[in-house]
Amino acid sequence: MITQILQFLLKQSRALYFLIVLITIAGALAFQSLPSDVYPELAFPRIAVIGTVGDIAPDRVLLTVTRPLEEAASQAYRVRWIRSKTIRGASELSIEFQPGTDMNFAWQQVQARIAEIRANLPPSASLIVEPVTPAIFPVLNYNITSDSVPESELYNTVRYEIEPRLLQVPGVARAITQAGKIPEIAVQVDPEKLAAYKISIVDVATALTRTNQIEVLGRVDDRYKQNLIVGPGESIKPEQLYDLVVSRSGSEPIYLKDIATISKSFRDPLSVISADGKEGIVVNIFRQPSSNVVAVSDGVASEMERIKTTLPAGVKIGKAYDQSRLVRQALASILKEIAIGIAFIIAILFAFLRSWKSTLVAALTIPLCAAAAFATMALLHQSLNLMSLGGLAIALGLVIDDAIVIVENIHRQLQKGLTSNQAAIAAVQELAGPVTSSTATTLVVFLPLGLISGVAGQFVIALTITLASAVAFSLFLALFVVPIFCAQVMKQESHNANKTEASNDQKGAWYRRVLRTSLRHPLVAGLSATLILVTTYVLFARIGTDFLPEMDEGSYVLDYLMPAGTSLPQTDQICQQIEKILGKTPEVMAWTRRTGAELGLFATQPNTGDILVVLRPHDQRKRSTTEVMDEQRSKIAERIPQVETEFHPILADQLNDLAGAGNPVEIRVFGEDREAIRSVAETIETKLKSVRGLVDLALTSQDNAPQFDIQVDPLRAGRLLLTPLDVTDQVKASFLGQVATQMRQGDKFVDVRVRLPDKIRFNPAMIGQLQIFGKNGAALPLNSIATISQINSEVEILREHQQRYVSVEASIEGRDLGSTVDEIRTVLKPISLPTGVSITIGGIYLSQQESFQQLLLVLLLATALVYLMMIIQFRSFLQPLSILLVLPLGMLGVELALIGTGTPLNVSSFMGLILLVGLVVKNGIILLEYANRLQDRGLSPEDALVEAGIIRLRPILMTTLCTLLALTPLWLGHGAGSELHRPLAITVIGGLSLSTLFTLIFVPLLSRFVMRVRSEATQQA
């Protein structure tokens, strides 16, 4: 069958060339159209619910908001766990679903369940229900500051001019302005005048609400036209509010100007936004899913340049964070590594083939396979990212394997005196079976990878699509394209068969002697194999374990936490000291600080926040991101001991947040007794300080914070004809203020807030003296109708499965995750737990354990599938075992490579192990298939194995060296993102190096027994 196909293609070679051109063009067009990103487009089975309800205490928020939301969300289909965080005035739920859940349906379910209990929540509660996706994090941050433009004008410029224009850029989903000072109109009421006129502040706010609005009062037809009757009117200037009547004193009206002053002001700040150490405004830009990060960045940058020409003088716009910078650097780095790998491969081919024509024919498979991979990625809606291009870099040495074997065999056939067409057909006839089988063994190892879930699974799938499509297309090229090219370009070459065979015998003499010796002394070889296995077992304990490789992103997030109850101004003052440390770090290029706010979709308190720090490009700094973080961590701990900090590379931090695992180590202490679980957590924190490698050690649950508790006496309030709620409304309006109306300024509205002057509402001594006005015209101070006490209350309540917990979290530096957790377990054993208290270990470690279990299952299934393919090829159970038994021997090379380079066993290196299963057996298949062929021709098993070894030695060495050298740039590369592929490259290089040697020695030794049985069976037949 294959002979007829090749004969047809030889006659229709022009059509074949045209087909190859079409595939190349399709690949080039696909490459241009593919979006670029750092990681694949990730999906997470999580939904976040954020509820806000004013300034209610955490324990009340728990009862009125958090618990009802938890109970409602738990009724959704396939919920895995629900975690909640309750703080003052806000509740945050994280709902994790089982892997494989349809998240659109889950989202609808959660919304439906929450809608059912919406009426039971406080009327003032507002809810956000969003799927947790990478889109909740910005890809661009711009810092906007000015020394000359007023703060209110600057805010309006950014919010109402810059932000809408950025939304028009293709690929931009949202642009959100973050500012500490948001303009509003302040109506500051004089409490003494309120007392004189006997009206409450709530009466003033109500009067403003009723008089400053436009309402349709009717319709009148006049001269064939309909006219609306509108009223009572709307003020468009603050001064116009002065003439509003708020009440009457007898027959005399009381105007607003009689009791209050009006001024342009700002909302009470709940957050502080700082740009490079100076208070300013930050614009966060979010991209649409599947959009091109580089294109979005370029589009926004172009639009910003146009915007700058229209801004008032003195407005400064600076780019703080740009995710596309890492994308560009990482893609350029890996493309450079691919180019170096191709150069290595061409050099190896020429060194063995000694023919530029043959070398170029074999090397032609690389760009053609790349084109096929890009076309496949476009069809499957993939992106150009570190994982997909990493798969292509790994495929370089694999896609050329089959072409090398075919080209080398065509050389041998030509040396026998065949014509080029005959040599091409004969070579493919001889190798079609083993080449197909060996390529199939590489491909089948990818089939079980769909069992891996989570971030690791999505990373692996992106790498696999590129790698598998390129390898699969290489088989087509090797069988049907390379032979046709060889038949065309090798026509004029002359060969001397005897001379070449003598040369091959001379070059393989050393191998012949080694192989003969091992076949004659099987006991020595057996003892050697046993020694290798024992060494492998001993060394395995020295290999550390981790989750995902750490990448030098050139940016990181500094999370900080002040003691519970710290005010926003005090937190801001401390953060300014941190910023001074950042400013004196030469590698730091820019930063953005948020105090009372965070990057992403989170409920945040005023004593916490984050700083997004951007470092200079890799080629402009000498230290890595980790080294910079270590220095800043130690300086902050030394100079500002009262602040707790955590340092995380920004993308790694986002991935951990998205996956629900905030830190590498997280020990949760569960129980309903708050004091008991906190005491246990503090004990754990103290003991963990002795564990080497732990940094940023902290409790997630904060201490109690002070608050003034007001308990209104209903009987005393009743003397004023007021309810307790009426009293608290007046207190709230006095101190927090009440937004009574909005004032139209141009095409936007500005809040008008009625409140007391700052000197009163920010003075704790004035709380009890606040006059409460009754409906009967009387007034009493607050402390005469209510009990006021200063107490300590909970700041934050954490729950999982509706059970309280306190967690101890830490990051790891200079040590692997596995050994660190093992030591932590040892430290935790002696701790005695009170009744009702339990401990679990989570964080990234839990994700690692889940991924490792799945990867181990994939490794076993891949081995079984490879064995199945070899059974089909050899039609034997025993002969494939002689190849498969080399796998455990090759583990020694993996261990030596990992230990020698200090690389832990992580998802990337585990993927290298799985890939090795398919690679190691390829050489054995080619070797044994030819040995069987020689035995069928009448050679003894030993002679057949020796001759097959000599003949197949050159293609085996060529394919192995091509694979090793193609992976070498991934191992030695130090560009952005190179850390992701380095463990895989190291694993394959170490394992394949020794496995090839063991294949050449131990596979013939083990196969001799099987071939003798086969020979005896043939003779008896």
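# A tour from Glu305 to the sheet

Begin by selecting Glu305, which is partly exposed because its relative accessible area of 47% falls between the 20% below which a residue counts as buried and the 50% above which it counts as exposed. Bear in mind throughout that what is on the screen is a predicted model. Glu305 belongs to helix H8, which covers residues 293-308. With Glu305 still highlighted, add Leu396 to the selection: the two are 91 residues apart in sequence, and their C-alpha atoms lie 42 Å apart in space.

Next, select residues 401-415, the stretch that makes up helix H13. From its first C-alpha to its last, this helix of 15 residues reaches 21 Å, which is close to the 21 Å expected at 1.5 Å a residue. If you colour H13 by accessibility, you should find that the helix is mostly covered, with 15 of its 15 residues buried. Then extend the selection to Gly417, which follows H13 and has a positive phi, near 100°.

Move on to helix H14, residues 420-444, and pick out Thr441 within it. Is Thr441 buried or exposed? Its relative accessible area is 0%, and Thr441 is therefore buried, the cut-off for that class being under 20%. To see what surrounds Thr441, leave aside its neighbours within four places in sequence and display the residues in contact with it, namely Val866, Met869, Met870, Gly918, Val921, Lys922 and Ile925. Of these contacts, Val921 deserves a distance label, since Thr441 and Val921 are 480 residues apart in sequence while their C-alpha atoms are 7.6 Å apart in space. Before leaving, show the side chain of Thr441 and the backbone oxygen of Ser438, which that side chain reaches at 2.5 Å.

The last stop is a sheet, which is best shown as a cartoon. Its 6 strands form an open arrangement in the order E14-E13-E18-E19-E17-E20, with antiparallel pairing. At the edges are strand E14 (278-279) and strand E20 (644-649), each of which pairs on one side only. Now select residues 650-659, helix H21, which packs on the sheet and touches strand E17 (555-561), strand E19 (608-615) and E20. The direction of H21 makes about 100° with that of E20.

To finish, zoom in on strand E13 (residues 272-275) and strand E18 (residues 588-595), which run antiparallel and are joined by 4 bridges. Which residue of E18 stands opposite Ser274? Selecting Arg593 shows the partner, as Ser274 stands opposite this residue in E18.

Technical notes. Residues are numbered from 1 along each chain as its sequence is written. This is a predicted model: local features need pLDDT of at least 70, side-chain atom pairs count only at pLDDT 80 or more; totals for chains, interfaces and linings use all residues. Side-chain values use heavy atoms; hydrogens and water are left out. Two strands pair if DSSP finds at least two bridges between them. Helices (H or I, at least four residues) and strands (E, at least two) are DSSP runs, numbered from the N terminus. Contact means heavy atoms within 4.5 Å. Axes are lines fitted to C-alpha atoms, for helices over the stretch in contact, and angles run from 0 to 180 degrees between N-to-C directions. The expected span of a helix is 1.5 Å times one less than its number of residues. Buried means under 20% relative accessible area, exposed over 50%, partly exposed in between (1.4 Å probe, protein chains only). A polar contact is a pair of N or O atoms within 3.5 Å; within protein, one must be able to donate a hydrogen and the other to accept it, and residues adjacent in sequence count only if both atoms are side-chain atoms.
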